[in-house]
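Hello,

Here is the structure I promised to pass on to you. Have a look at it first, and then read on for my notes on what turned up.

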Amino acid sequence: MEPAKNKKSSINRVEIIAEDRTKYFGEISSQTEQKYIEPEAEKADLNINVPKNLNSPLTMGKKDIDDYQRRNHQEYKGDIRKLLFAALFFLIIGAAGGGIYYFRDKISINMPKFTKAETKEIKGTILGDERTVTSQINGRITEMNLGKGTPVKQGELLITLENPEYKTELDKAEKELRRTLARNAYTEVTTEEVKAVPVTTKKTVVPASGKKIYSKEILAAEEKFKSDREAYNAGLISKVEYEQSLAEINRAREREKNAPPAVVTETKVVNTKVTGKKSVPVEKEKVLASAEVLTAIKKYKEAYINYESTKIFAVNSGVTTELYVTQGQDVVSGQELFKTVNSSYLHTDVMIPDKELGKAGSGSIVKLTSSVDNKEYEGVIVSTKPIPEKGMNSVRIAVNNKGKNTLISVGSYVNVKVTKKKASQDLIDSLKNIQQESKKDVLTAAKEEADKKVQEIIGEILK
């Protein structure tokens, strides 16, 4: 067995390695001619016991101790050399650093920026929603206001398709909707009221016996005969005219004689219950709930959407990245027309460790350093999705470029730094609205416009 190595010149605790390479620890119990061996400082905390199978006192000869101390001394010198080399290395590094500091104003050196080992740089790529616009109807392209790489604004008319029947159907559906609304806007009701109504009655008058009743006809005939007689006596008319006048008065008297009894008409005012009908307005809610009106509204919306499908608008602002058709080309429903990238809603999707994200969440402000101009811009976290098994979070950050000139664009890179600040609710709502607008498709926009038109017509009829 041999003593363990020690960096000091004297020991009283030893490590014994048996022939089978098993290690034991023991203590020198008797002293040889060498001086008493002092404990080793760094081994003082060891619990040194002699195993039961080695319970006899351990002794070492002078030769063993001399050999061990010689080897120990050689290792001690090796350690001194290592310390000298380390001191020389740090001296050289210090001199180099001092030289750089001294000449810092005289030379230009691009020194790399170092970050803490535990802080990992978070990088993201700026994205924009890519949209492919398709035709909703069959038709021929009559107008085109775009090309590949053309900037477009939301609501801008880009393509017009020709399909005349849709315009005819829309006009017909609008007229029918207006008529249906007007017909259901009023209803007739029966009314009752008491009025002073004139009532006419007839009464038969029988003349008294022997009494003549002179009618207007006889009076007129007698008046004429009297005048004619005077004229005849004066020689102003002939005898024939005189006799005709006499005959006329005799005929009038004969008619009166044979005429039926006279009838007298009397009119009196009587209070009477009168029934009638009048039109009264119907409540708006009831009009719009009518099955007839609902059917007319549905037909109008369908016709409007078909007609609007002949006009292809930009659903959001951005840039045309692909163009698949040309002017004069016939297209069919579902055919792809062009592709755009929305630049009004820029965002980046990044993975952020739990430690870096901390308590930040939806609505928290982040700093985005652009790789284009190395300037710092503002972003807002709009959604987070924890991934517990990886200690990470999938985070979407919207770029706050509203009303700002920025070089951040689709495809550029940014460094992301989470802050403890919170965005205002107005800014959060604004970014959410922009995000929702960017998700609209052509059909959704047409439906919304159809709803607006229906409300305008209803407002005109149901005032």
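In the hairpin formed by S15 and S16, four residues sit between the strands, and one residue there, Gly391, takes a positive phi near 65°. Please keep in mind as you read that this is a predicted model. The two strands of that hairpin, S15 and S16 (residues 392-399), run antiparallel and are paired over eight bridges. If you want a spot to look at, find Ser383, which stands opposite Arg396 in S16.

S15 (residues 376-387) also has a partner on its other hairpin: five bridges join S15 to S14 (residues 364-370), and these strands are antiparallel too. Here Thr369 has Glu376 of S15 as its bridge partner. Five residues lie between S14 and S15, and Asn374 is found in that loop. What is the phi of Asn374, given that it is not a glycine? It is positive, at about 60°. As background, most residues other than glycine have a negative phi. Asn374 has a relative accessibility of 60%, so it counts as exposed, the cut-off being over 50%.

Now to the helices. H4 covers residues 239-258, 20 residues in all, and at 1.5 Å a residue it should span 28 Å; the C-alpha atoms at its ends are 29 Å apart, which agrees. Which residues of H4 are buried? They are Tyr242, Ser245, Ile249 and Ala252. These four lie on the same side of H4, because the arc they cover around the axis is only 85°. The face turned away from that buried side carries exposed residues: Lys239, Val240, Gln244, Lys257 and Asn258. Helix H3 (216-233) is included in what covers the buried residues of H4.

The aromatic rings are worth a look here as well. Searching the whole structure gives three aromatic pairs. One of them is Phe225 with Tyr242, a tilted pair with 5.6 Å from centre to centre and 35° between the planes. Since Phe225 lies in H3 and Tyr242 in H4, the pair ties together parts that are 17 residues apart in sequence. Both Phe225 and Tyr242 are buried. Tyr232 and Tyr242 make a stacked pair, at 4.8 Å centre to centre and with 15° between the planes. This pair likewise links H3, where Tyr232 lies, to Tyr242 in H4, 10 residues apart. Is Tyr232 buried or partly exposed? Its relative accessibility is 30%, so it counts as partly exposed. Together, Phe225, Tyr232 and Tyr242 form one aromatic cluster.

There is another ring to check: Lys167 lies over the face of Tyr307, at 5.4 Å from the ring centre.

Finally, a residue in a strand. Val274 is part of S9 (residues 262-281), and with 27% relative accessibility it counts as partly exposed. What does Val274 touch, leaving aside its neighbours within four places in sequence? Its contacts are Thr191, Glu192, Glu193, Lys195 and Val197. Thr191 is 83 residues away from Val274 along the chain, yet their C-alpha atoms are separated by 8.2 Å.

Happy viewing, and write back if you would like to talk any of this through.

Best wishes

Key: Residues numbered from 1 in each chain as written. Predicted model: local features only at pLDDT ≥ 70, side-chain atom pairs only at ≥ 80, totals over all residues. Heavy atoms only, no water. Expected span 1.5 Å × (residues − 1). Buried < 20%, exposed > 50% of the residue type's maximum accessible area, 1.4 Å probe, protein only. Arc of directions from axis to C-beta. Contact = heavy atoms within 4.5 Å. Pairing = 2+ DSSP bridges. Phe/Tyr/Trp six-rings, centres within 6.5 Å; stacked < 30°, edge-to-face > 60°. Lys NZ or Arg CZ within 6 Å of the ring centre and 35° of its normal.
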